[in-house]
Amino acid sequence: MSEGVIKTEGLTKVFNKHLTAVDHVDFSVKQGEIFGFLGPNGAGKTTTINMLITILKPTEGKASVLDFDIAKQDDEVRNVIGVVPQEYTADEDLTGLENVLLCADLYGIPRSIAKERATDLLKLVELTDFKDKKVQTFSGGMRRRLELACGLINRPKVLFLDEPTLGLDVQTRTATWNYIRKLKKEYGMTLFMTTHYLEEADALCDRVAIIDHGKIVVIGAPQELKHSLGGDVITLGIREDDDVSELIRKVEHVKDAKRENGSYRIKAEYGEITAPFIIEALRKKGYTVTKLSLTEPTLNEVYLEYTGKSLRDAEESREAFAAQRMTMRRARQ
Amino acid sequence: MSELNGNSRSKLHGLWALTNRELKKWYKAPVIFLLSIIQPVLWMGLLGKAMNIGAIFSGGTFTMPSLTPSLTPSQLQQLGSYFAGLQTSILQGAFNTTDYFSFMAVGMISFTALFTTMFSGMSVVWDRRLGFLNKVLSTPVSRATIVFSKVLSATLRSMFQAGLIILVAIAFGLQFGIGFNPVYVLGVFAIMFLICVGLSSIFIAITIRSTRIETPMAVVNLINLPLMFASNAFFPTKFMPDWLQTIAKVNPLTYTTDAVRQLLIFSTDWTQLALDFTYVGIFAVVAATIGIVLSWRFLSK
């Protein structure tokens, strides 16, 4: 088997002949990594994931999962993947265990094996005590964990997570991250996830692809991407009134230094290593450093740099959407 | 798609799992289950006993006050028995049975088939909106299985209700035809199976593309009663105007109702019964094919 677990070549999806949701996307996901798709609403994240999990047919281009072509060998693909959808798809009227067993039936797993696996999985997501309770009574976090258990029932080699923490509170979100990390560590599973939470991509993903208007704008490890922005920002103040920016610029790894309102804004690579050298250089010339702070660029800045807009606005509308979905779900009862 | 069919047993398993999921919503919810039992009883009580056509011809309705003094008691008795005979022969002529309640109770069976299957489209829309459909689509369950599980659950539900209607109708005084054999009830279930498979396939095909719950609602509201009354379910087609008769003649509900009547309350006409089964059978096969092909195409978009 060649190196990429998931590979795409010019993957494209056009809806209604003119709405291009995904536009010639190329990427490759390595064995055992967590690969994140990051982008705002309508960027094409879910469309991409839906093509990879074989529920949408690509308009153009190719993609494969474990070397199975998603268009021609869709049944093979479905057998080796697990899917944790964006929505809470568990059946409200069934219990937690019944839901997991229903998923097992969909994969044709014999009942005896299914029961064993379901018990293990419910333990993994800490729902053992609630397995005989109807899903109606579950909280958002519990539902999400149940979805995770369902997605793992066929022992997938690749797990797809579409917005795994959408609409969850901060604690539950962190707990969900821990489950995801545990999966990667214990099962050596390859994970493909979409998210619009930058901190989530930063905390979980080995590599991220930033997608905007259906196109991938950049792919790389979160650290790498942050570095590509030109490093960290050091803000520094000295007691003396002299302009020392020229002096600072001479320090190794310093890219730029500007005097702003009496303090200096310095762009430097490896800020935590460079900062002591700056202090040393200034002290040698008799200057006294009075304050210093170091800011590492966040993925948000990377995002801003590449898409030209902040994710925050998109996030808000997404939350509203999730809330509406919840209301609708309740309305069913 | 079908070259990987080494796992066919498991695919059938998926069919039952999905069907059972639908059915559980019904039999595990006591209120819904109870209502679905009460509903046919109510309808039968209301329609069957309210529209008591037989009563029009019996005593009470004909008092003939102006004639009474000029007739002798024996003439009056003759007239009375003449009208009684008239009632029987009119009912026999019109409905093929002397008991309108029996005629209409059987109509109720088709009525239930229509109503239960109509709502099968609704659950497809829900599954789509709640993301369940997408989840199932990402598993190795065949597309046809997904559609057929909906068809099957609606079919099983209405077959159960049909059985119930027969029991209730017997309690209310259903008059079986001459030569009725309890085995014929199996025939009723067979025709119910066929019509339900056909009808729910059509309704699913209509609604599978829609993401709004209003669409199947509108479809249901538009066609349920016209389809019901343009059939012989409550009234014989032979008294309808020609254009309505034409509609009734192609309406598969007409054939279903007739088949059930042939089996339960008429003196069975086997040729007619064979025709009914053939017509409904062809309808079921054609509708199921259309439904599954359309849904398949849409689901693997």
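User: Leaving aside neighbours within four places in sequence, which residues is Arg145(A) in contact with?
Analyst: Quick heads-up: this is a predicted model, where local features need pLDDT of at least 70, side-chain atom pairs count only at pLDDT 80 or more, and totals for chains, interfaces and linings use all residues. Residues are numbered from 1 along each chain as its sequence is written, while chains are lettered from A and ligands numbered from 1 in the order in which they are written. Being in contact means that two C-beta atoms, placed from the backbone, lie within 7 Å. With that rule, the partners of Arg145(A) are Val125(A), Glu126(A), Leu127(A) and Tyr179(A).

User: Is Arg145(A) buried or exposed?
Analyst: Let's count C-beta atoms, placed from the backbone, within 10 Å of a residue's own: 20 or more others is buried, 12 or fewer is exposed, and in between is partly exposed. Arg145(A) sits in helix H5 (residues 140-151) of chain A. It has 25 other C-beta atoms within 10 Å, so Arg145(A) is buried.

User: What separates the C-alpha atoms of Arg145(A) and Leu127(A)?
Analyst: Along the chain, these two are 18 residues apart. In space, their C-alpha atoms are separated by 7.9 Å.

User: Which residues of strand S13 of chain A point to one face and are buried?
Analyst: In a regular strand, side chains alternate between the two faces of the sheet. Strand S13 (residues 263-268) of chain A does alternate: Ser263(A), Arg265(A) and Lys267(A) point to one side and are not buried. Pointing to the other face, and buried, are Tyr264(A), Ile266(A) and Ala268(A).

User: Over how many bridges does strand S12 of chain A pair with S13(A)?
Analyst: Strands (E, at least two residues) and helices (H or I, at least four) are DSSP runs, numbered from the N terminus, and two strands pair if DSSP finds at least two bridges between them. In the S12(A)–S13(A) hairpin, 2 residues lie between the strands, and Asn261(A) takes a positive phi near 50°. Lys258(A) stands opposite Arg265(A) in S13(A). Strand S12 (residues 254-260) and S13(A) pair in the antiparallel sense, and the count of bridges is 6.

User: Which residue stands opposite Ala268(A) in S13(A)?
Analyst: Here we look at strand S11 (residues 232-238) of chain A, which pairs with S13(A) in the antiparallel sense over 5 bridges. Opposite Ala268(A) stands Asp232(A).

User: How many helices and strands are there in chain A?
Analyst: Chain A has 333 residues, and 43% of them count as buried. The tally for chain A is 12 helices and 14 strands.
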